[in-house]
Amino acid sequence: MTSSSRYRVSVYHLPDQVEKLGCCLPALGNMLVIRGSRALNCSLLVNGGKLPVLPSSNLATRLKSTNKEEQDVTSKRAPKEIEEMIRVNHAGELGADRIYAGQMAVLGKTSSGPLIQHMWDQEKAHRATFERIIHERRVRPTVMVPIWNVAGFVLGAGTALLGPKAAMACTVAVETVIVEHYNDQLRKLAAEPNPDTALMEVISKFRDEEQEHHDTGLEEGAEQAPLYDVLTDVIKLGCKVAISISKVV
Ligand SMILES: [Fe+2]
Ligand SMILES: [Fe+2]
């Protein structure tokens, strides 16, 4: 058990006289409520004698948590491979959010603005979802978060400065890699004996929206951007490298 105050332990049937608590916590009537790991090392000095606090018969269940939501989250603690998926998806959606932020900073007031804003709003929702999942499943975010934050914005703004078609070429390149990446994850998850259907649902919804962004980019003339092939190849390579790094560090 960690030393967080996430756990609540209730010890009933305290003796009438409690001279000193091994841990300084309030006694409420005949119930002592102890939060955190201190409960495991707690003892009471009663009438001059030391009385260990032992778990009562139903304490094992109480030790888990009194909060239903926390119990659900605990049970969902991610195994290593799922952890990597969540870490990289969290990083990717953060990067995507920043790319569209960069595009909006340059093209927000042009005719491309509303379309980019629409895609950005979807990316913000993707990011928020993985912010929630990474927290719920207790996955460590990549240490690269600050780098991706800046790199995403620079990529979005930089390509937008080359013109709206270059911005769309950036979208096509990024979304191509992300759609492939999400499809890979879906294949892996589906092959599990007990597939994580909750995660699969999220990924599959986002995959569809990333595909829409990709298609929008093409419809908006991405392929007419200057040096389209070179630009998209470089961005795709950058995204793949970022994915590999974010899985592990
Ligand atoms: Fe996204
Ligand atoms: Fe997207």
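Two residues are in contact if their C-beta atoms, placed from the backbone, lie within 7 Å. Keep that in mind as we walk through this predicted model, since contacts will come up again and again.

Let's start with the whole chain. Its 249 residues include 31% that count as buried. There are 8 helices and 6 strands, and if you read along the sequence you meet them in the pattern β-β-β-β-β-β-α-α-α-α-α-α-α-α. Now look at the contacts in the chain with a separation of 6 or more: 74% of them are accounted for by residues 24 or more positions apart.

With that overview in hand, let's look at an annotated site. The UniProt record, an unreviewed entry, has a "binding site" annotation that covers Glu123, Glu175, Glu210 and His213. These residues are spread over 91 residues of sequence, yet they cluster in space, with a largest C-alpha distance of 11.4 Å.

Take Glu123, which sits in helix α4, residues 113-136. Is Glu123 buried or exposed? Glu123 counts as buried, because 25 C-beta neighbours lie inside 10 Å, and the cut-off for buried is 20 or more. If you skip residues up to four places away in sequence, Glu123 touches Glu93, Ala96, Asp97 and Tyr100.

Next comes Glu175, found in helix α6, which runs over residues 164-190. Glu175 has 24 C-beta neighbours inside 10 Å, so this residue counts as buried too. Which residues does Glu175 touch, not counting residues up to four places away in sequence? They are Glu210, His213, His214 and Gly217. Two of those names, Glu210 and His213, also belong to the annotated site.

Now for the nonpolar part of the interior. In soluble globular proteins, nonpolar side chains tend to be buried together. Here the largest nonpolar core has 39 residues, and those with the most contacts inside it are Tyr100, Ala169, Cys170, Ala173 and Val174. The elements giving two or more residues to this core are α3 (80-107), α4, α5 (145-161), α6, α7 (197-219) and α8 (228-248). Tyr100 should ring a bell, as it is one of the residues touched by Glu123. Ala169 is worth a look as well: leaving aside neighbours within four places in sequence, Ala169 is in contact with Thr159, Gly217, Ala222, Ala225, Tyr228, Leu231 and Thr232.

How do two of these helices sit against each other? Two packed helices are described by the angle between their axes and the distance between the axes. For α3 and α8, the angle is about 130 degrees and the axes are 8 Å apart. That angle makes α3 oblique to α8, and α3 passes α8 in a right-handed crossing. At the meeting place, Glu84, Arg87, Val88, Ala91, Gly92 and Gly95 come from α3, while Ala242, Ile243, Ser246 and Lys247 come from α8.

Let's finish with two residues that show how the chain folds back on itself in space. Met85 is in helix α3 and is buried, because 23 other C-beta atoms lie within 10 Å. Met85 and Gln185 are 100 residues apart in sequence, but 7.3 Å apart in space, C-alpha to C-alpha. Gln185 turns up again with Ile203, a residue of helix α7. Ile203 has 21 C-beta neighbours inside 10 Å and therefore counts as buried. Leaving aside neighbours within four places in sequence, Ile203 is in contact with Tyr182, Gln185 and Leu186. The C-alpha atoms of Ile203 and Asn89 are separated by 8.9 Å, although these residues are 114 residues apart along the chain.

Methods. Residues numbered from 1 in each chain as written. Chains lettered and ligands numbered in written order. Predicted model: local features only at pLDDT ≥ 70, side-chain atom pairs only at ≥ 80, totals over all residues. UniProt positions renumbered as here; feature names shortened; annotations may be inferred. Helix = DSSP H or I, 4+ residues; strand = E, 2+ residues; numbered from the N terminus. Buried ≥ 20, exposed ≤ 12 C-beta atoms within 10 Å, placed from the backbone. Core = buried A, V, L, I, M, F, W, Y, C linked by C-beta atoms within 7 Å. Axes fitted to C-alpha atoms, helices over the stretch in contact; angles between N-to-C directions. Parallel < 35°, antiparallel > 145°, perpendicular 65-115°, else oblique. Left-handed = near helix turned anticlockwise from the far one by under 90°.
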